[in-house]
Amino acid sequence: MTATPTRTRVRYVEVTLIVFGVYSVLLGLFMFVAPGTFFDTLGNFGARNDHYIFDNATFEFPLGLMMLAAARWPSWRVPALAFATLHWGLHALSHIIDPHHGAGDSIGWLEAGGLVGTTAILAIAVRASVVAEKS
């Protein structure tokens, strides 16, 4: 049995939605449950502010839920992926503008590079989803 290009695209989109959805849900929960640990490990930029960490969690958690819902409901895929791509792209830009992580600039640049790479993965998934919708 060989995979058709359309099925391969759809599978890529589904896997992307699930992986990024689970990541965002877990990240949001991490921020809610352990803001201090989140700050010390991932969010060590500037002074710690639990209120802002919670504010970010209120964005990240529902973003993940939306992506997981889009894995289930195909009509949500393009909008959810477009929104997530914009989020990741702007987040990458933020890290490029300010790479000064508390653990050192090299960590900040590593995070920026990771965000650029994941933005590309999401952008490819948006394109694949648009093409799959037209098929």
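At what angle do helix 1 and helix 5 pack, and how far apart are their axes? In this predicted model, helix 1 (residues 5-33) and helix 5 (residues 105-134) pack at an angle of about 135°, with the axes 9 Å apart. Since angles over 145 would be needed for roughly antiparallel, that makes helix 1 oblique to helix 5. The crossing of helix 1 past helix 5 is left-handed.

Who does the touching? On the helix 1 side, it's R9, V10, Y12, V13, T16 and F20. Helix 5 brings T118, I121, L122, I124, A125, A128, S129, V131 and A132. Sorted by character, the residues of this contact come out as eleven nonpolar, three polar and one charged.

Now for the charged pairs. The structure holds four salt bridges, and here are some of them:

| Pair | N to O distance |
|---|---|
| E14 and R11 | 3.4 Å |
| R77 and E14 | 3.6 Å |
| D50 and R48 | 2.7 Å |

E14 shows up twice, pairing with R11 and with R77. E14 and R11 sit three residues apart in helix 1, so about one helical turn separates them. The R77 and E14 pair, by contrast, links distant parts of the chain: R77 is in helix 4 (residues 77-97) and E14 in helix 1, 63 residues apart. Both R77 and E14 are buried; for E14 the relative accessibility is 16%. R11 is partly exposed, at 46%. Add R7, and you get a network of salt bridges linking R7, R11, E14 and R77.

As for the D50 and R48 pair, D50 is partly exposed at 27% relative accessibility, and R48 is partly exposed too, at 44%.

Note on methods: Residues numbered from 1 in each chain as written. Predicted model: local features only at pLDDT ≥ 70, side-chain atom pairs only at ≥ 80, totals over all residues. Heavy atoms only, no water. Axes fitted to C-alpha atoms, helices over the stretch in contact; angles between N-to-C directions. Helix = DSSP H or I, 4+ residues; strand = E, 2+ residues; numbered from the N terminus. Parallel < 35°, antiparallel > 145°, perpendicular 65-115°, else oblique. Left-handed = near helix turned anticlockwise from the far one by under 90°. Contact = heavy atoms within 4.5 Å. Nonpolar A, V, L, I, M, F, W, Y, C, P; charged D, E, K, R; others polar. Salt bridge = Lys/Arg side-chain N within 4 Å of Asp/Glu carboxyl O. Buried < 20%, exposed > 50% of the residue type's maximum accessible area, 1.4 Å probe, protein only.
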